[in-house]
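User: I am new to this structure and would like to understand the reasons behind the terms used for it. Could you take me through them step by step?

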Amino acid sequence: MGRGISGLQKSILEVLNEKKGMASTKALKKAIGRVSDQSFYRSLNSLQKRNLIAWYKEHGGPHSQGGLVSLKRVNVLLVDVDSVIPNLALMKLSAFHKAQGDNVDLSRGPKVPSKIEYDIVYISCIFSRNGRAARRLAKRFPNAKVHLGGSGVDLKTTLPDEIEHLMPDYELYPECDYSMGYTMRGCIRNCEFCIVPKKDGKAHHVSDIYEFWDRRHKKIVLLDDNILALPQHFKKIAKQIIKEGLRVDFQSGFDVRLLNDDNAKIIKSLRIHEPTFAWDELDMENAVLRGIEILKRNGINRAIWYVLVGFNTTFEDALYRVNRLRELGQRVYVMLYNKEELEDRRYSHLRDWANARMSFASCTFDEYVRTRENGVQKQMAAARKERKKREKQLHPILQGVGIKSMPRHGDL
Ligand code: SF4
């Protein structure tokens, strides 16, 4: 906001910017609340003199109609605190504001530009571990209207409908060479570790690919929570993908408990290189074995399996699931639950082993750990040797003195 603008003038601009069109003085005054006529009109005059607002008149009806419009371009900052992939909500907000003629900037990570003053700031935080940092960030814009959202801070805030269904602004992330979106949200299950049921409720369809597919893209990433829970919808979406000749990635994977020959055939026809499923709990073993049989029967010999570890299970249970899938010729992607709090290093070893295609195919977990530890010991021995060599090159009085306890010149 420019210097010298009073609080009342700022409120007038905010209301007009929000309305994105004409507002009569009566409606404007009502939106602002209690204010004397004198201050109100004085503020309008001052804003008009500075070319920040204008009177607008429409003729043609029995009475001339008119109102006030804001001439100020709104500066919008979108802050993507921690998204791993382009942030869909921010891309939709960007599309919305650019369509209004607003200036839109994107800032990635917790650092934000300090020089420009923004009128509206949207902060999106995906992971709860970054929630505090995102809240702190929100306080850095005392003059802006700040919206803080994302599953890291709030499960209930959603975009208004007129923004939710806009084509995302893919230009916001220049590296994004695919289209992305949800065709359905929610789930029929209630897994304890998952935020989907709390955030999106029961499985329901929300759109089809044409709402977010940018015709320049040959690939589409679907963020759908559990698309096999809606069999007819899955068929419809698969048809659209095949008709348009798109490559597709179902980011959340498929629910193996809902797999049958019908939907396995559809998955096969989508030409997904290795479709993704999940084996999160030990008691799903029968469903997993049955699923692998169905996949093989339909020409899919290998899938990638998300294996959640560190949530209400033991390490042995995690290792069993990973090894079982390895025996069955499947690929594995270990996901650590709350990795910051997992102190048992075996979990990170398990992830590093299983998620690296080469090591997973060529050695067992025990072999991997032995090799890794040998490697670390060799590195430590080499570092010790190097340190001794450096010490020998020092003045005799400094030999054997660690860097931290090195005497100062005056002490020598
Ligand atoms: S099946 Fe998947 S989406 Fe549904 S609640 Fe479980 S983890 Fe979440």
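Analyst: Gladly; this is a predicted model, and a place to begin is Gly101, which takes a positive phi of about 85° just after helix H4.

User: How do you know that the span of helix H4 is close to what is expected?

Analyst: Helix H4 covers residues 88-99, has 12 residues and reaches 17 Å from its first C-alpha to its last. The expected span is 1.5 Å times one less than the number of residues, which for this helix is given as 16 Å, so the value of 17 Å is called close to it.

User: Why are some residues of H4 called buried, and which are they?

Analyst: A residue is buried if 20 or more other C-beta atoms lie within 10 Å of its own, and therefore Ala89, Leu90, Met91, Lys92, Leu93, Ser94 and His97 of H4 carry that name. What covers these buried residues includes strand E3 (75-80), strand E4 (103-108) and helix H6 (161-164), among others.

User: What makes E7 and strand E10 a pair?

Analyst: Pairing needs at least two bridges between two strands, and E7 and strand E10 (residues 219-222) have three bridges in the parallel sense, so they count as paired. Ser179 stands opposite Ile220 in E10.

User: Why are two strands of the open sheet called edge strands?

Analyst: The open sheet has three strands in the order E7-E10-E11, with parallel pairing. Strand E7 (179-181) and strand E11 (247-250) each pair on one side only, and they are the edge strands.

Conventions: Residues numbered from 1 in each chain as written. Predicted model: local features only at pLDDT ≥ 70, side-chain atom pairs only at ≥ 80, totals over all residues. Helix = DSSP H or I, 4+ residues; strand = E, 2+ residues; numbered from the N terminus. Buried ≥ 20, exposed ≤ 12 C-beta atoms within 10 Å, placed from the backbone. Contact = placed C-beta atoms within 7 Å.
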